[in-house]
Amino acid sequence: MTTVFATIAALGLVGAAQAATVNGATSGLAGANTELAFDEVPLTTNDIVTDQFAAFGVTFSPNLVYYGNPAEYPNFTDPALGNFSPIVNPFFLDFTSNVTAATFAIVTNLGASTFTALLDGAEVESFSATTDLVSTANFFGFTDILFDQIRVDVGSNGVMFMDNLAFNAAPTVSVVPLPAGLPLLLGALGGFALLRRHRVT
């Protein structure tokens, strides 16, 4: 029940803003409450990455691969994650709680890639964009919507590197329980109202 109220409240908060895609930006999400450069967990090149970053709020499925020293790409800092050996396409970023915005840098061979935000398995927003290896405008993602997963379908031969993931968790709203004395107070007030009405008549 608390999750329902939190989701409704979060939808209300993001509903006032205009949903927007981040399509080929030169920088990622500013002021994000979670930023990952993928150096937060000690891994070695070719390690399979699934839930190693769950403590930071994200997992990857089916899996990605850790690369300590990928080639120098715009907006990348070592290390990075890739989706090959073997190729995993599409792949998913699964957030451990609902988020309202997320961006990441991605490089691919020249082609069209598709980015889809989902909430509980249902599509919320989707767009396709040209991705490549050399553009400095290589940040993609979503803002001002509620979602818990991003699906990435990589174009061309389906391989990519990604880095510098940033996202904002949806605010959580807890349900405040009814104070135990409130029914007694309301009952007493009702009794006084009846007593007063009886005296008037």
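This report walks through the charged side chains and the aromatic rings of a predicted model.

**Charges**

Let's start with the salt bridges, since that list is short: the structure holds one. Its partners are Arg-151 and Asp-153, whose side chains come to 2.8 Å, N to O. Neither end is hidden away: Asp-153 is partly exposed at 21% relative accessibility, and Arg-151 is partly exposed too, at 31%. For Asp-153, keep in mind that the cut-off for buried is under 20%.

Asp-148 is another story. This residue sits in strand 10 and is buried, yet it has no salt bridge. Which side chain of opposite charge is nearest to Asp-148, and how far away is it? That would be Arg-151, at 13 Å. With a salt bridge requiring nitrogen and oxygen within 4 Å, that distance of 13 Å is why Arg-151 doesn't count as a partner for Asp-148.

What Asp-148 does have is a polar neighbour in the backbone: a polar atom of its side chain lies 3.2 Å from the backbone nitrogen of Asp-120. Asp-120 also turns up among the residues that Asp-148 touches, once those up to four places away in sequence are set aside. The rest of that list is Leu-93, Asp-94, Phe-95, Asn-98, Leu-118 and Leu-119.

**Aromatic rings**

Now for the rings. Searching the whole structure turns up 15 aromatic pairs. One of them joins Phe-104 and Phe-115, and it counts as tilted because the planes stand at 55°, with the ring centres 6.1 Å apart. Phe-104 belongs to strand 7 (residues 91-108) and Phe-115 to strand 8 (residues 111-119), so this pair ties together parts that are eleven residues apart in sequence.

Phe-115 has a second partner, Phe-140, and here the geometry is stacked: 4.9 Å between centres and 5° between planes. That pair links distant parts of the chain, from Phe-115 in strand 8 to Phe-140 in strand 10 (residues 139-153), 25 residues apart.

How buried are these three rings? Here are the values:

| Residue | Relative accessibility | Class |
|---|---|---|
| Phe-104 | 1% | buried |
| Phe-115 | 1% | buried |
| Phe-140 | 2% | buried |

Phe-104, Phe-115 and Phe-140 are also members of one aromatic cluster, along with Phe-95, Phe-127, Phe-142, Phe-147 and Phe-167. Phe-95 brings us back to the charges, as it is one of the residues touched by Asp-148.

Technical notes: Residues are numbered from 1 along each chain as its sequence is written. This is a predicted model: local features need pLDDT of at least 70, side-chain atom pairs count only at pLDDT 80 or more; totals for chains, interfaces and linings use all residues. Side-chain values use heavy atoms; hydrogens and water are left out. Buried means under 20% relative accessible area, exposed over 50%, partly exposed in between (1.4 Å probe, protein chains only). Rings of Phe, Tyr and Trp (its six-membered ring) pair if their centres lie within 6.5 Å; planes under 30 degrees apart count as stacked, over 60 as edge-to-face and the rest as tilted. Helices (H or I, at least four residues) and strands (E, at least two) are DSSP runs, numbered from the N terminus. Lys and Arg count as positive and Asp and Glu as negative; His and the chain ends are not counted. A polar contact is a pair of N or O atoms within 3.5 Å; within protein, one must be able to donate a hydrogen and the other to accept it, and residues adjacent in sequence count only if both atoms are side-chain atoms. Contact means heavy atoms within 4.5 Å.
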